[in-house]
Amino acid sequence: MIPRDIFRPAWDDDPIVSDWAGFPALERESTADVCVVGLGGSGLAAVADLLDRGVDVVGIDGGRIAAGAAGRNGGFLLGGPATFLHSALAAWGPCAVDLYRGTLAEIDSLEGLLGSGVVRRTGSIRLAGVPGAPIELADSEDCDALAQCLRENGIAVERYSSDLGHGIFLPDDAVMNPARRALGLASLFSGRARLYEHTPATAIEPGAVTTPNGAVRCGLVLVAVDGRLEQVLPQLDGRVRTARLQMLATSSITPGRLPCPVYGRWGYDYAQQDASGRLYVGGGRDLFAEDEWTPSGEPTAQVQNYIESVATSFAGEPVSVDARWAASVGFTADGRPLCTFVDDGVVAFGGYNGTGNLVGPVTARAAVALGLDAIAVPQYLSS
Ligand SMILES: Cc1cc2nc3c(=O)[nH]c(=O)nc-3n(C[C@H](O)[C@H](O)[C@H](O)COP(=O)(O)OP(=O)(O)OC[C@H]3O[C@@H](n4cnc5c(N)ncnc54)[C@H](O)[C@@H]3O)c2cc1C
């Protein structure tokens, strides 16, 4: 048993998040050119794109903005899709590099909008193994293969070696508090887009989104939900599958132990450290995969105990856990995110395979272009 009184995302301890005044719920009928359902990082990116085009937009979220994975994740802003670039290139062809470049451009764009206080350009470290554990040769060779592929495609990468371990450093990557990213974007749009919280879509059909206290009539619906997308749109069952990912946060350890976000053991285990010394740690989904194919967002003892051991490795000292949480993400069969019409005037996008902080916004722009301009989605997306 693990105590439930610390089940909450540690990101919400940031005063900008905990003091969030919020947007009202939708209480009456409304009309708009476009209705965006789901205001995580992806839905908010769609809102931004629509506003840039001068489109009249209503956005709704069933809970608080970024109530889902977008406000509960590791905060890593890593170039590329969930599949490492050399593997994505082999599976999808050269379009994988286009997606990689798109995600790097997204970091620049986010930094431009939110500033370097929210988007910190620290770079990231991929380790072969986790700190303190023996290096697995195949993991180390895969780091080398990734580095070579990045170099061949003109993407910055350096060898990394320290008492944390050995691997590669990717200087273009960044890190953030994900809840601050989402709320910061929503604040920027307030007054230009009509955004509503605590307004779940109970039915989505061409021309209308039904909510408990009023429908939104619109020409286009964009459904921007990653985890549990197949529950919102059952016709996507079989194309996306929901998994749970779990994290914890520790009390402060020695500040500066992690110079930037660090991920190891094929990227499955990861941690970042904030300026106060606190660690935010996740991982282990692959080790408990059967149990983690679930729409539940509740932390479990077996994964949390594993992540606690990962936290100790990354910390290099004993840790005390003060928050535990989980959230849902969507997976696809071939690793390419989904962006597709599900009905006339209804486009759905999601399925980022556990890495949607940047891929989600890139997909959102493709969804807007598909829905408004009938531009076919890039090959790195599944339509
Ligand atoms: C523990 C964890 C760690 C992760 N770490 C990273 C990481 O470090 N880097 C990275 O890139 N990715 C990471 N991810 C993945 C990333 O968080 C997601 O891919 C990304 O946040 C998806 O954002 P989204 O806006 O597409 O979807 P979501 O965050 O799922 O947002 C969808 C929104 O839709 C709302 N919604 C759902 N149904 C309805 C409805 N019927 N009506 C209205 N609103 C609805 C939800 O309330 C939610 O706010 C992690 C995920 C988890 C869970």
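**Ligand environment and helix packing**

In this predicted model, a polar backbone atom of Gly-74 lies 3.0 Å from a nitrogen atom of the ligand. A second nitrogen contact involves the backbone of Gly-354, where an N or O atom is placed 3.2 Å from a nitrogen atom of the ligand. On the oxygen side, a backbone N or O atom of Ala-70 is found 2.8 Å from an oxygen atom of the ligand. The ligand would expose 990 Å² if taken alone, and 92% of that area is buried by the protein. Two or more residues of the surrounding shell are contributed by each of helix H2 (41–52), strand E12 (241–250) and strand E16 (321–331).

The shell around the ligand comprises 35 residues. The closest of these are Ser-42, Asp-61, Ala-70, Asp-226 and Asn-357. Divided by class, the shell holds 17 nonpolar and 15 polar residues, together with 3 charged ones.

Helix H3 (residues 85–92) packs against two other helices, H4 and H5. The axes of H3 and helix H4 (residues 95–114) come within 7 Å and cross at roughly 135 degrees. With an angle of this value, H3 is therefore oblique to H4. On the H3 side, the contact is formed by Leu-85, Ala-88, Leu-89 and Trp-92. The residues of H4 that take part are Cys-95, Ala-96, Val-97, Leu-99 and Tyr-100. In composition, the contact of H3 with H4 consists of 9 nonpolar residues, with no polar and no charged residues.

The packing of H3 against helix H5 (residues 137–152) has an angle of about 70 degrees, and the two axes are 8 Å apart. Angles of 65 to 115 degrees count as roughly perpendicular, so H3 and H5 are assigned to that class. Leu-85, His-86 and Leu-89 of H3 meet Asp-142, Ala-145, Leu-146, Cys-149 and Leu-150 of H5. This contact of H3 with H5 includes 6 nonpolar residues, 1 polar residue and 1 charged residue. Leu-85 and Leu-89 of H3 thus appear in the contact with H4 and also in the contact with H5.

Backbone geometry was also examined in two loops. Most residues other than glycine have a negative phi. In His-198, however, phi is near 50 degrees, a positive value in a residue other than glycine. His-198 belongs to the loop that lies between strand E8 (194–196) and strand E9 (203–205). A positive phi near 50 degrees is also found for Arg-265, again a residue other than glycine. Arg-265 is located in the loop between strand E13 (262–264) and strand E14 (269–273).

Conventions:
Residues are numbered from 1 along each chain as its sequence is written. This is a predicted model: local features need pLDDT of at least 70, side-chain atom pairs count only at pLDDT 80 or more; totals for chains, interfaces and linings use all residues. Side-chain values use heavy atoms; hydrogens and water are left out. A residue is near a molecule or strand if one of its heavy atoms lies within 4 Å of it. A polar contact is a pair of N or O atoms within 3.5 Å; within protein, one must be able to donate a hydrogen and the other to accept it, and residues adjacent in sequence count only if both atoms are side-chain atoms. Accessible areas come from the Shrake-Rupley method with a 1.4 Å probe; for residues, only the protein chains shown count as cover. Helices (H or I, at least four residues) and strands (E, at least two) are DSSP runs, numbered from the N terminus. Ala, Val, Leu, Ile, Met, Phe, Trp, Tyr, Cys and Pro count as nonpolar, Asp, Glu, Lys and Arg as charged, and the others, Gly among them, as polar. Axes are lines fitted to C-alpha atoms, for helices over the stretch in contact, and angles run from 0 to 180 degrees between N-to-C directions. Angles under 35 degrees count as roughly parallel, over 145 as roughly antiparallel, 65 to 115 as roughly perpendicular and the rest as oblique. Contact means heavy atoms within 4.5 Å.
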